[in-house]
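Please examine the sequence and the structure shown below. The report that follows describes selected local features and then the contact between two parts of the chain.

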Amino acid sequence: MTPYRLHCFKESGNSYKVALALSIAGLPWDKVVVDYFGGETRQPAWRAEVNELGEAPVLEVDGRKLSQSGVILLHLAEHANALRLSEEERPEVLRWVLFDNHKFTANLATYRWLRTFATPAPHEAVLAFMRQRTAGAFDIVEKHLGTQRFIVGDRLTIADLSLAGYVFYPKEELGFDIQTEYPNMAAWMGRIAQNPGWQAPYDLLG
Ligand SMILES: N[C@@H](CCC(=O)N[C@@H](CS)C(=O)NCC(=O)O)C(=O)O
C-alpha cells in the first residue's frame with residue numbers, strides 16, 4: 001500500500017487528529033513537514049499546489065489531496081476497519097465533529113495560539129474572551145463524558161480523535177489544567193491514550 005503523506009507541523013493539533021487516526025488504525029504514513037512559522041502556508045505556490053485554504057493538515061492519498069481534518073477523518077473511517085462507523089453512529093459522529101470544528105477546537109486552538117505563540121501578545125480582553133469561550137465548550141464535553149466512556153457510545157470513533165486534537169498538548173500551552181479541573185475529560189483522555197498507536201503530539205509529530 002502506498003503510504004499516506006501527511007502535510008503537518010508539530011504544533012498543529014488539527015494535524016495531530018489525523019496523525020493519531022493513522023497511527024491508531026495502523027496505516028502507513030509519511031510526514032511532510034510544513035514550515036508554518038516560516039510562512040509556507042501563506043505562499044501562493046503552496047496554496048496552489050497543496051491547499052488553497054492555506055491550512056494544515058493535508059493528507060495525500062494516492063496523489064489526491066484531502067484537507068479539513070473532519071473530511072480526512074471521515075475518509076479514514078471509510079477506509080480503515082479500526083475506524084469504521086455504523087449507519088447509526090455516523091450522524092452522531094458528524095454532529096460532534098462539526099461541534100468540534102465550530103466550538104471546541106476552534107476556541108481552544110485559538111486561545112492556545114494567542115497565549116502561547118502570538119507576537120505581539122494579544123490584548124488581555126481578547127484572551128479573557130477566548131478563555132471564556134473555550135471554557136464553555138469544555139463544560140459541554142465534560143458534562144457529556146459524565147455519562148459515557150467515549151464521545152459516541154462505548155468505543156473510540158473519529159469524533160474522539162477530532163475533539164482530542166489539542167487536549168494532549170502541555171497544560172502550560174493550553175492555559176487549562178484538564179487533569180485537575182475536568183475529571184471526566186481527563187478519564188476520557190486516559191482511555192484514548194490506552195489505544196495501541198497513541199502517542200503525545202510532540203512525540204507523534206515531532
Ligand atoms: N478546520 C480546519 C482547521 C485547520 C487549521 O486551522 N489549521 C491551522 C494549523 S492547526 C493552519 O494551518 N492555519 C493556517 C492559518 O490560519 O493561516 C481543519 O480541521 O483542518
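Gln68 lies in the loop between strand E4 and helix H3; helices (H or I, at least four residues) and strands (E, at least two) are DSSP runs, numbered from the N terminus. The phi angle of Gln68 is near 75 degrees, a positive value in a residue other than glycine. Most residues other than glycine have a negative phi, and most peptide bonds are trans. Gln68 counts as partly exposed because its relative accessibility is 33%. Buried means under 20% relative accessible area, exposed over 50%, and partly exposed in between, with a 1.4 Å probe and protein chains only.

The model is predicted: local features need pLDDT of at least 70 and side-chain atom pairs count only at pLDDT 80 or more, while totals for chains, interfaces and linings use all residues. Residues are numbered from 1 along each chain as its sequence is written, and side-chain values use heavy atoms, with hydrogens and water left out.

**Unusual backbone angles**

Asp62 also has a positive phi, of about 50 degrees, although it is not a glycine. Asp62 is found in the loop between E3 and E4. Asp62 counts as exposed because its relative accessibility is 63%.

Two peptide bonds that precede a proline are listed in the table.

| Peptide bond | Form and omega | Place of the proline |
|---|---|---|
| Ala56 to Pro57 | cis, near 5 degrees | loop between helix H2 (44-49) and E3 |
| Thr119 to Pro120 | cis, near -5 degrees | loop between helix H4 (89-117) and helix H5 (124-144) |

**Strand E3 and its neighbours**

Strand E3 comprises residues 58-61, and both of its faces are covered. On one side Val58 and Glu60 are buried, and on the other Leu59 and Val61 are buried. E3 pairs with strand E1 (residues 4-8) in the antiparallel sense over three bridges; two strands pair if DSSP finds at least two bridges between them. In this pairing, Leu6 stands opposite Leu59 in E3.

E3 also pairs with strand E4 (residues 64-67) in the antiparallel sense, over four bridges. Here Glu60 stands opposite Lys65 in E4. E3 and E4 form a hairpin with two residues between them, and Asp62 is in the turn.

**Helix H3**

How many of the 11 residues of H3 are buried? Eight of them are, so H3 is largely enclosed by the rest of the structure. Among the buried residues of H3 are Ile72, Leu73, Leu74, His75 and Leu76. The elements that cover the buried residues of H3 include E1, H1, E3, E4, H4 and helix H6 (158-163); contact means heavy atoms within 4.5 Å.

**Glu89 in helix H4**

Is Glu89 buried or exposed? Glu89, whose place is in helix H4, counts as buried because its relative accessibility is 15%. Not counting residues up to four places away in sequence, Glu89 touches Arg84, Val152, Arg155 and Thr157. The side chains of Glu89 and Arg155 are joined by a polar contact of 2.8 Å. A polar contact is a pair of N or O atoms within 3.5 Å; within protein, one must be able to donate a hydrogen and the other to accept it, and residues adjacent in sequence count only if both atoms are side-chain atoms.

**The contact between the two domains**

The domain assignment of the chain gives domain 1 (4-83 + 200-204) and domain 2 (89-193); such bounds come from an automatic or database domain assignment. The centres of domain 1 and domain 2, taken over C-alpha atoms, are separated by 20 Å. The contact takes 23 residues from domain 1 and 21 residues from domain 2.

Between them, domain 1 and domain 2 bury about 1700 Å², 66% of it on carbon and sulfur atoms. Buried area is the accessible area (1.4 Å probe) that two parts lose on being put together, summed over both. In domain 1, the residues that lose the most area to domain 2 are Lys17, Leu74 and Tyr202, together 26% of what that side buries.

Across the interface of domain 1 and domain 2 the rule finds two salt bridges; a salt bridge is a side-chain nitrogen of Lys or Arg within 4 Å of a carboxyl oxygen of Asp or Glu. The side chains of Arg90 and Glu78 meet in a salt bridge at 3.2 Å, N to O. The rule also finds 10 residue pairs in polar contact across this interface, both residues at pLDDT 80 or more. Helix H1 (13-25), helix H3 (69-79) and helix H10 (201-204) each supply at least two residues of the side of domain 1 that touches domain 2. H1 provides the largest share of that side, seven residues.
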